[in-house]
Amino acid sequence: MRTSDSDTTTPDSDTSSKTDSPQHGLSRNGRNSVDTETEHFLLIEDVGSLRAIYDAYLRNAGFVTHLAASAEEGMRIFRDNPIRMVLLDLMLPDRDGDTLIAEMLALRPYAAIIAVTADRSIDRAVRAMQEGAIDFLVKPIDEPRFRSAIESARSLSLRSDVDDASASEETVGDFVGNAPQMRALYARTRAAARSTAPVYIWGESGTGKELCAQAVHATSPRADGPFIALDCGALAADRVDSELFGHNRGAFPGALEDKDGALLAADGGTLLLDNICELAPTAQIKLLRFLQSGQVKPLGASQPVDVNVRIVCAAKSSPSVMLQNAVLREDLYYRLMVLTIEMPPLRMHREDIGPLARMALERFASEEQRDFSEIEPEAITRLEDRPWPGNVRQLMNVIRAAIVMHDGPVLRAHMLPEFDPTTSRAAPTTAPAVDPFVDRTLAEIERAAIEAAITRHDGSIPRAALELGVAPSTIYRKRDAWLSKG
């Protein structure tokens, strides 16, 4: 029995004999059946009142709890008991809590560790996630967020024994390739999948950012839940809130029925926010509020709804460029940029072009009902020599075009479409070059550059700002000045 705040509840106490304790028959690491009939949860918190609150909640949820008030005591309990889930305060009297994470994961790689921090130390929580914690909670903890984090830890605990075999697989999801850059991508994807932290995936167009998001979802404890993808760049300004948070009937003119937004639709699963740099400022504020509370309030609703969703974001720009250009609110940036995955461009792993081409041949030959079955070596060599500015997506399009326009069974080099010269260096010309800056003021040159960037990005000012290396507000301000001058 527990006699003090720092004593532990052991399997020999009355808690371990509860008949309603979760039963999952784990046998990981050779532990006997007595160890694995119940779920053991370690609480490391030096504030006695908080420890008691967490303890009561977890007992009611059916866990066997072990309590510690210091890092040293927590590690001793962790080593001596079959603990797979930990609630860890990052500020402990004898040492920082985040220094325990690596030690715990070295002993049990699939331990589900939830970090707890105060508002002033969010940056430490982010570092804890990068060290391997699956989630973090900010004091004072909202009950919906606490419940969501605990259920995520439980799901990870139940699935972790199955992960040993899958972790040795060469690829994740639907990826193809075995180059060192891709193996590193697979390892980072698996590591991100076991967490509940937000993930930011970045890289050039055509590298497979959505495919990576799907792989994170498919190898996570949320794999049985929905995967929803929402392109922030494709949302009309007046529909962003409705598409993301949902609305009730009559919330605005034209709202004829209730509609679940993307967050509600992804409840229990994963939501991909593609082109996150395009998200409207007002929606950014509401997204931040959701990340803090775990609750969504649809337009026109009187009460918020608890939602358990893992957020994955994607864009072309690196996190440092996103921060430098102030595309996202700073507080939202630090909430979303916890785990990052960079997608390698195809030119960085050319040895995978052959396997990718053969995969595309098989796929498109079936879809287009053509009789292609192989690619000649010369065709592979020609593919490997191309620069591929459009990455894997461009390679897929080239293979598909060749299949549609020719007959098999062998795809030969001459069947490949010619490389588009507009995507590489311009062809030499004998015509005299025209200096674009002649007879133009600096202000005129600046305006032309900005307008050209906006045109290249189909009218998107945030994307144009990213290309030009300025904040979107700078372009908005300059456009207003141009309009005022006529």
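The secondary structure of the chain comes to 19 helices and 14 strands. The model is predicted. Of the 486 residues in the chain, 48% are buried. Contacts reach far along the sequence. Among those between residues at least 6 apart in sequence, 69% join residues at least 24 apart.

Confidence was considered next. The mean pLDDT of the chain is 81. A value of 70 or more is reached by 84% of the residues. The pLDDT is below 50 over residues 162-168. Beyond near neighbours in sequence, the stretch 162-168 has 6 contacts in the model. Residues 421-432 also have a pLDDT below 50. This second stretch has 2 contacts in the model beyond near neighbours in sequence. Where pLDDT is low, the predicted coordinates should not be read in detail.

One open sheet is formed by 5 strands in the order E2-E1-E3-E4-E5. The pairing in this sheet is parallel. Strand E2 (64-68) and strand E5 (135-138) stand at the edges. Each has a single partner strand, so one side of each is left without a neighbour in the sheet. Neighbouring strands of this sheet are turned by 20 degrees against each other on average, direction ignored.

Two pairings show how this sheet is joined. E1 and E2 run parallel and are joined by 5 bridges. Within this pair, Phe41 stands opposite Thr65 in E2. Strand E3 (residues 85-89) and strand E4 (residues 112-117) also run parallel, with 5 bridges between them. Here the bridge partner of Met85 is Ala112 in E4.

Strand E2 is an edge strand, yet E2 is mostly covered, with 5 of its 5 residues buried. Val64, His66 and Ala68 point one way from E2. Thr65 and Leu67 point the other way. All of these residues are buried. Helix H3 (residues 71-80) lies across strand E1 (40-44), E2 and E3. The helix H3 runs at about 150 degrees to E2.

Another open sheet is formed by 5 strands in the order E7-E8-E11-E6-E12. Its pairing is parallel. At the edges stand strand E7 (227-231) and strand E12 (339-342). Each of these has a single partner strand, so one side of each is left without a neighbour in the sheet. On average, neighbouring strands of this sheet are turned by 20 degrees against each other, direction ignored.

The pairing of E6 with E12 was examined in detail. Strand E6 (residues 199-202) pairs with E12 in the parallel sense over 4 bridges. Ile201 stands opposite Ile341 in E12. Helix H7 (residues 180-193) lies across E6, E11 and E12. The direction of H7 is at about 155 degrees to E12.

Strand E11 (residues 310-315) holds Cys313. Cys313 is buried, with a relative accessible area of 1%. Leaving aside residues up to four places away in sequence, Cys313 touches Val199, Tyr200 and Ile201. Leu272, Leu273, Ile276 and Leu336 are also touched by Cys313. Cys313 and Leu336 are 23 residues apart in sequence. In space they are 7.6 Å apart, C-alpha to C-alpha.

Cysteine pairing was then tested. A disulfide is a covalent bond between the sulfur atoms of two cysteines. The cut-off for a disulfide is a pair of cysteine sulfur atoms within 2.5 Å. By this rule the count comes to 0 disulfides. Cys232 is in no disulfide, and the nearest cysteine sulfur, that of Cys313, is 7.4 Å away. Why is the sulfur of Cys313 not bonded to that of Cys232? The closest cysteine sulfur to that of Cys313 is in Cys232, and the distance of 7.4 Å is too far for a bond. Cys232 also counts as buried, at 5% relative accessibility.

A helix pair completes the description. The axes of helix H14 (residues 353-367) and helix H15 (residues 377-384) come within 9 Å. These axes cross at roughly 120 degrees. The crossing of H14 past H15 is right-handed. On the H14 side, the contact is made by Ile353, Gly354, Ala357 and Arg358. On the H15 side, the residues are Ile380, Leu383 and Glu384.

Key:
Residues numbered from 1 in each chain as written. Predicted model: local features only at pLDDT ≥ 70, side-chain atom pairs only at ≥ 80, totals over all residues. Heavy atoms only, no water. Buried < 20%, exposed > 50% of the residue type's maximum accessible area, 1.4 Å probe, protein only. pLDDT = per-residue confidence, 0-100. Contact = heavy atoms within 4.5 Å. Pairing = 2+ DSSP bridges. Axes fitted to C-alpha atoms, helices over the stretch in contact; angles between N-to-C directions. Left-handed = near helix turned anticlockwise from the far one by under 90°.
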